[in-house]
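Student: Could you go through this structure with me, one piece at a time? I have it open and would like to start with the charged side chains.

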Amino acid sequence: HEQAATLYQNISLTEPRLIPQFEKVIINFTKEIKQQNSEMENLALAIKRAQDQASMQLSEMEEEMDQRIQAAEKKTHEQVGHSFNYIQYRPKVWTHLLIQRVVFIFMTMNIVASH
């Protein structure tokens, strides 16, 4: 503010006919700054909404993954019993479900990013 006030005083003393142009420049800068601030606020809100949505989807996916794991463990337990095959099968289920989730997350991120 001080620099603008000093510049304004210097212009008014040395070139008073330039004051209207100087005022227009300051007004235009002010409008542009306000517009950019508004756009930044809108972008921040959009990012927040996208983050909230992604967080909800992640929670839902985690819950679904837990349910699938429990179901797979139960099914495996019923089919194999308490044998060594149960221990070997469990990592395969985790790997398969993890790959499904990673693919889904990337697809979701691409959809969110494209909007």
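Student: Is Asp52 buried, partly exposed or exposed?

Tutor: Asp52 has a relative accessibility of 35%, so the residue counts as partly exposed in this predicted model, since it falls between the 20% and 50% cut-offs.

Student: And what does the side chain of Asp52 meet in a salt bridge?

Tutor: The side chain of Asp52 meets that of Lys48, with 2.9 Å from N to O. Lys48 is also partly exposed, at 45% relative accessibility.

Student: How are Asp52 and Lys48 placed in the helix?

Tutor: They are 4 residues apart in helix H2, so about one helical turn separates them.

Student: How many salt bridges does the structure hold?

Tutor: It holds 3 salt bridges. One of them joins Glu64 and Arg68, whose closest N and O atoms lie 3.1 Å apart, and these two residues, being 4 residues apart in helix H2, are separated by about one helical turn. Glu64 is partly exposed, with a relative accessible area of 31%, and Arg68 counts as partly exposed at 36%.

Student: Which side chain does Arg17 meet in a salt bridge?

Tutor: Arg17 meets Glu15, with a distance of 3.4 Å from N to O. Arg17 is exposed, with a relative accessible area of 64%, whereas Glu15 counts as partly exposed at 32%.

Student: Let me step back to the fold. How many helices and strands are there?

Tutor: The protein has 3 helices and 0 strands, and from the N terminus on the order of the elements is α-α-α.

Student: What about confidence, meaning the mean pLDDT?

Tutor: The mean pLDDT of the protein is 81, and 76% of the residues reach 70 or more. Among the elements, helix H1 has the highest mean pLDDT, at 92, while helix H3, which covers residues 84–114, has the lowest, at 63.

Student: OK, aromatics next. How many aromatic pairs are counted?

Tutor: The count comes to 1 aromatic pair. The rings of Tyr8 and Phe22 have centres 5.9 Å apart and planes at 45 degrees, and because that angle is neither under 30 nor over 60 degrees, the pair is classed as tilted.

Student: Which parts of the chain does the pair tie together?

Tutor: Tyr8 lies in helix H1 (residues 2–14) and Phe22 in helix H2 (residues 19–80), so the pair ties together parts that are 14 residues apart in sequence. Tyr8 counts as partly exposed, at 32% relative accessibility, whereas Phe22 counts as buried, at 14%.

Student: What else is in contact with Phe22, say from helix H1 – where does Ile11 come in?

Tutor: Ile11 is found in helix H1, and, leaving aside its neighbours within four places in sequence, Ile11 is in contact with Pro16, Leu18, Ile19 and Phe22. The C-alpha atoms of Ile11 and Phe22 are separated by 8.5 Å, and the two residues are 11 apart along the chain. Ile11 counts as buried, with a relative accessibility of 15%.

Student: Switching to Met61: which helix is it in, and is it buried or exposed?

Tutor: Met61 lies in helix H2 and counts as buried, at 8% relative accessibility.

Student: What does Met61 touch, apart from residues up to four places away?

Tutor: Met61 touches Arg101, Phe104 and Ile105. Met61 and Phe104 are 43 residues apart in sequence, and their C-alpha atoms are 9.3 Å apart in space. As residues 84–114 make up helix H3, and this helix has the lowest mean pLDDT among the elements, I would mention the confidence whenever I quote those contacts.

Student: Last topic, the surface. Which residues form the nonpolar patch?

Tutor: Val25, Ile26, Phe29 and Ile33 form the patch, with about 370 Å² of accessible area together. Ile26 has its place in helix H2 and counts as partly exposed, at 36% relative accessibility.

Student: And for the protein as a whole, what is the accessible surface?

Tutor: The accessible surface comes to about 9,900 Å², and 60% of that belongs to carbon and sulfur atoms. Of the 115 residues, 12% count as buried.

Note on methods. Residues are numbered from 1 along each chain as its sequence is written. This is a predicted model: local features need pLDDT of at least 70, side-chain atom pairs count only at pLDDT 80 or more; totals for chains, interfaces and linings use all residues. Side-chain values use heavy atoms; hydrogens and water are left out. Rings of Phe, Tyr and Trp (its six-membered ring) pair if their centres lie within 6.5 Å; planes under 30 degrees apart count as stacked, over 60 as edge-to-face and the rest as tilted. Buried means under 20% relative accessible area, exposed over 50%, partly exposed in between (1.4 Å probe, protein chains only). pLDDT is the predictor's confidence in each residue, from 0 to 100. Patches are made of residues with over 30% relative accessible area and no salt bridge: like charges are joined within 9 Å, nonpolar side chains (Val, Leu, Ile, Met, Phe, Trp, Tyr) within 5 Å. Accessible areas come from the Shrake-Rupley method with a 1.4 Å probe; for residues, only the protein chains shown count as cover. A salt bridge is a side-chain nitrogen of Lys or Arg within 4 Å of a carboxyl oxygen of Asp or Glu. Contact means heavy atoms within 4.5 Å.
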